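Trainee: Could you take me on a close look at one part of this model? I would like to hear about its salt bridges, and what surrounds them.

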Amino acid sequence: MKQQNARQRWLSVLAHSSAAQLEAHWQALNLHPSFTLIRPAETGLTRLQARMGATGNRFIMGDATVTRAVVQLDDGSLGYSYLLGRDKAQAERCALIDALLQQTEFNALLQEKVIVPLAALRDEQRQLRAREIASSKVDFFTLVRGDNQ
């Protein structure tokens, strides 16, 4: 279970990172592993479901463009990626990093040089956005007049 949670975390970080940020961290490592594209990056649509008030009945909110890819390393390890958007190169790069993260010899390096910095950037962006939203918060209140009795 611990391995599954770790993988879910790094796949989430990879999927939410921008292509430029991921490319910069990946290029700094200068890794060139050999791999085979099992499923070359392809773009399609997925339907987004939502719930009114997060608890009501489901409804179709709309569609989103998704790109997915699957790669296989020479030792047989498979890497997967699903990303919002149409960036095929990023989808293949994320799948390759996923496969490498499953290898013990690459896991620590990639965690330190790619996943942790990208997760920190994502947290920083979330906090910035939360502060922007909080600064525009409006509190509504009702005044009760005494002459309606």
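Mentor: Happily; here is a walk through the salt bridges, followed by a look at the surface and the interior. Keep in mind that this is a predicted model.

The count of salt bridges comes to seven. As a general point, side chains of opposite charge can pair when their charged atoms come close.

Let's start with E42, which forms a salt bridge with R39, with 3.0 Å between the closest N and O atoms. E42 counts as partly exposed because its relative accessibility is 31%, and partly exposed covers values from 20% to 50%. R39 is also partly exposed, with a relative accessible area of 35%. This pair belongs to a wider arrangement, as R39, E42 and R68 are linked in a network of salt bridges.

Next comes D63, which is joined to R47 by a salt bridge whose closest N and O atoms are 3.7 Å apart. Here the pair links distant parts of the chain, since D63 is in strand β2 and R47 is in strand β1, 16 residues apart. D63 has 48% relative accessibility, so it counts as partly exposed. R47, by contrast, is exposed, at a relative accessible area of 55%.

For a pair within one element, turn to helix α4, where the side chains of E132 and R129 meet in a salt bridge at 3.5 Å, N to O. Because these two residues are three apart in the helix, about one helical turn separates E132 from R129. E132 is partly exposed, with a relative accessible area of 44%.

Strand β2, residues 58-73, also holds F59. F59 is partly exposed at 35% relative accessible area, and together with L48, M52 and M61 it makes a nonpolar surface patch of about 410 Å². In the loop between β1 (35-51) and β2 you will find G53, which counts as exposed because its relative accessibility is 62%. From G53 to I133 is 80 residues in sequence and 19 Å in space, C-alpha to C-alpha.

Helix α4 has a part in the interior too. The structure holds one cavity of 30 Å³ or more, and the largest cavity contains about 40 Å³ of space. The elements giving two or more residues to its lining are α1 (2-16) and α4 (104-135), and α4 provides the largest share, four residues. Among the lining residues are V13, H16, L118 and R122. By class, the lining has three nonpolar, four polar and one charged residues.

How values were computed:
Residues are numbered from 1 along each chain as its sequence is written. This is a predicted model: local features need pLDDT of at least 70, side-chain atom pairs count only at pLDDT 80 or more; totals for chains, interfaces and linings use all residues. Side-chain values use heavy atoms; hydrogens and water are left out. Patches are made of residues with over 30% relative accessible area and no salt bridge: like charges are joined within 9 Å, nonpolar side chains (Val, Leu, Ile, Met, Phe, Trp, Tyr) within 5 Å. Accessible areas come from the Shrake-Rupley method with a 1.4 Å probe; for residues, only the protein chains shown count as cover. A salt bridge is a side-chain nitrogen of Lys or Arg within 4 Å of a carboxyl oxygen of Asp or Glu. Buried means under 20% relative accessible area, exposed over 50%, partly exposed in between (1.4 Å probe, protein chains only). On a 1 Å grid over the protein atoms alone, a cavity is a set of points where a 1.4 Å probe fits but cannot get out, and a pocket is an open set with protein on both sides within 12 Å along at least five of seven lines; lining residues have an atom within 4 Å of a point. Grid points are joined across faces, edges and corners, and a volume is the space filled by probe spheres set on the points. Ala, Val, Leu, Ile, Met, Phe, Trp, Tyr, Cys and Pro count as nonpolar, Asp, Glu, Lys and Arg as charged, and the others, Gly among them, as polar.
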